[in-house]
Amino acid sequence: MLRQGPVPLRAFALCLVGEAELRLGRWDEAVTHLECAASIAADGHQIWLTSFPHSAAAFVLAARGEYDRAAAHADSAAAVPDRTDPTDAAHCYAARARAAVATVRGRPAEVVAALRPLLACDRDHSVNQPGVLAWRDLLADALVTEGRLEEAEAVLEPYENAAFERRRSSDLAAAGRVRGNLHAARHEAKAAEEAYETAVEHAGRAGLPFHRARAESDFGAWLRRAGRRAAAREHLAVARAVLVELGAVPFVKACDRELVACGVRPGGEGEVRTPDGLTPQEHAVAQLAATGLTNRRIARELILSVKTVEYHLSHAYAKLGISSRVGLVAHFRAGS
């Protein structure tokens, strides 16, 4: 079927293969098959079929930090003529692609802007069915990051219920991770821990490496912020090993920041000793500040107060002999 037969069947078969490889962590093969599916569909004038493979490819490439290629696929997913309905499947896939890129780049407001129109879909619309198009986890997580917790709950709960009814492990893992983040933002420690553990369990049982790595990473980050650094290191180390194998560079860097904040060197090479003399917490805050995040956003990322962020930044400035974020950018660029 992959080499012969009608164009729609060939393209669709390649899409299914690519999606399966994506879930199994075989990302190189996934991108190859998804791009091939999009090309076959376009060459065969079946433009309506191109949105799905472009959207899935955008997700993988964004997760690897290949933002230009990911954005190009997101644009291609949206380039379906004569489709004006914002809840049309092609527009939904395009929105998911844009949101995936924005998620990895740490731009939650863009994620919300891309995905909120999908809330207009009725309950029985295919986009709301687990296993068709995962987007509610991205939207709910972005809303948590933005501090819009009630809105996050309203988006997440129907997704959890549908995933449970259909016993979709991948969706249960994704929903569980976001549920953990939501409980963490509400300072509900016991519920957060249970949600993270559930997410890890579902991802592990279904053999979904990226889902498990994300759950382990968020779990570890929360444990570190709760002061349980030894447990945090274990979960972060598991996540990092998987993410390195997948080539998910932006997520590896996020793990590394958390490991440094735990006081260990990424990769398990013993206690960290920052050559610039910053403490692990100062280093984590300064690194995020150098990426352009505001103090309020850094506080949300690290679960600190804004005053604590300001405190760590002032100490970092003094130790590094600089007076602004511009100096931080130059410092980390020189050290990279």
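**Legends to the close-up views**

Overview of the chain in the predicted model. Residues 24 or more positions apart account for 52% of the chain's contacts with a separation of 6 or more, where contact means heavy atoms within 4.5 Å. The chain holds 17 helices and zero strands, both taken as DSSP runs numbered from the N terminus (helices: H or I, at least four residues; strands: E, at least two). Of its 336 residues, 50% are buried, that is, under 20% relative accessible area, as against exposed at over 50% and partly exposed in between (1.4 Å probe, protein chains only). About 15,800 Å² of the chain is exposed, and carbon and sulfur atoms supply 53% of this area, computed by the Shrake-Rupley method with a 1.4 Å probe.

Close-up of Val 101 in helix 5. Val 101 lies in the helix that spans residues 89-104, and the residue is buried, with a relative accessible area of 10%. Beyond its neighbours within four places in sequence, Val 101 is in contact with Ala 62, Ala 70 and Ala 71. The C-alpha atoms of Val 101 and Phe 59 are separated by 6.8 Å, although the two stand 42 residues apart along the chain.

Close-up of Arg 297 in helix 15. Arg 297 belongs to the helix formed by residues 295-302 and is buried, its relative accessible area being 14%. Not counting residues up to four places away in sequence, Arg 297 touches Gly 106, Pro 108 and Thr 145.

Notes on the views. Residues are numbered from 1 along each chain as its sequence is written, and side-chain values use heavy atoms, with hydrogens and water left out. Because the model is predicted, local features need pLDDT of at least 70 and side-chain atom pairs count only at pLDDT 80 or more, whereas totals for chains, interfaces and linings use all residues.
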